[in-house]
Amino acid sequence: WCRSTITYNLSDDVADYVREHIHVSNNYDKEQFNRYKKYFGDAIPDSVEEFTRIKLHDTDRWEELKSQYYDRRKAYNLSKK
């Protein structure tokens, strides 16, 4: 589905369904998911798509994860020294 089709040409019900179920991840999302999964483990979803949905739809949680990511990465790297 093209985003403009979802935005302009579908009924609201169909557009909402498509937005909820569309595959939203790309290669960058997969790489980022793997990095975050390394530091957060089970605290983030088990799938790239669920992770990407957080980025797109839950901005408060995403901002919190980003902030915590740098702290966890730093602590992880210090523990490996």
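What follows walks through the fold of the model, its third helix and the aromatic core around that helix.

The structure is a predicted model, so local features are described only at pLDDT of at least 70 and side-chain atom pairs only at pLDDT 80 or more, while totals for chains, interfaces and linings take in all residues. Residue numbers run from 1 along each chain as its sequence is written, and side-chain values rest on heavy atoms, with hydrogens and water left out.

Start with the overall picture. The protein chain has five helices and zero strands, where helices (H or I, at least four residues) and strands (E, at least two) are DSSP runs numbered from the N terminus. Read along the sequence, that gives the pattern α-α-α-α-α. Of the 81 residues in the protein chain, 27% are buried; buried stands for under 20% relative accessible area, exposed for over 50%, and partly exposed for anything in between (1.4 Å probe, protein chains only). The protein chain exposes about 6100 Å², and carbon and sulfur atoms supply 47% of that area, with accessible areas taken from the Shrake-Rupley method with a 1.4 Å probe. As for contacts (heavy atoms within 4.5 Å), among those in the protein chain between residues at least 6 apart in sequence, 42% join residues at least 24 apart.

Helix α3 is a good place to zoom in. With 14 residues, α3 reaches 20 Å from its first C-alpha to its last, close to the 20 Å expected at 1.5 Å a residue; the expected span is 1.5 Å times one less than the number of residues in the helix. The buried residues of α3 are D29, Q32, F33, Y36, Y39 and F40. They cover an arc of only 130° around the axis, which puts them on the same side of α3; the arc is that of the directions from the helix axis to the C-beta atoms. On the other side of α3, N27 and N34 are exposed. K30 also belongs to α3, which covers residues 27-40, and is partly exposed at a relative accessible area of 39%. The C-alpha atoms of K30 and E49 are 8.7 Å apart, with their positions 19 residues apart along the chain. Right after α3 comes G41, with a positive phi near 55°.

So what do the buried residues of α3 pack against? The partners are α4 (48-57) and α5 (59-79). Helix α5 has 21 residues and spans 30 Å from first C-alpha to last, close to the 30 Å expected at 1.5 Å a residue. Its buried residues are W62, L65 and Y69, and what covers them includes α3 and α4.

The largest nonpolar core has eleven residues: F33, Y36, Y39, F40, I44, V48, F51, I54, W62, L65 and Y69. A nonpolar core here is a set of buried Ala, Val, Leu, Ile, Met, Phe, Trp, Tyr and Cys residues joined through side-chain atoms within 4.5 Å. Helices α3, α4 and α5 each supply at least two residues of this core, and α3 gives the most, with four.

Aromatic rings turn up throughout this region. The structure holds nine aromatic pairs; rings of Phe, Tyr and Trp (its six-membered ring) pair if their centres lie within 6.5 Å, and planes under 30 degrees apart count as stacked, over 60 as edge-to-face and the rest as tilted. Y36 and F40 form a stacked pair, at 5.8 Å centre to centre with 10° between the planes. Because Y36 and F40 are four residues apart in helix α3, about one helical turn separates them. Y36 is buried at 2% relative accessibility, as is F40 at 6%. One aromatic cluster takes in F33, Y36, Y39, F40, F51, W62, Y69, Y70 and Y76.

Leaving aside neighbours within four places in sequence, F33 is in contact with I44, P45, D46, S47, V48 and F51. D46 sits in the loop between α3 and α4 and is exposed, at 65% relative accessibility. With the same neighbours left aside, D46 is in contact with F33 and K37. The C-alpha atoms of D46 and F33 are 9.2 Å apart, and the two lie 13 residues apart in sequence.

Over in helix α4 is K55, a lysine that is buried at a relative accessible area of 18%. Beyond its neighbours within four places in sequence, K55 is in contact with Y28, D29, Q32 and W62.
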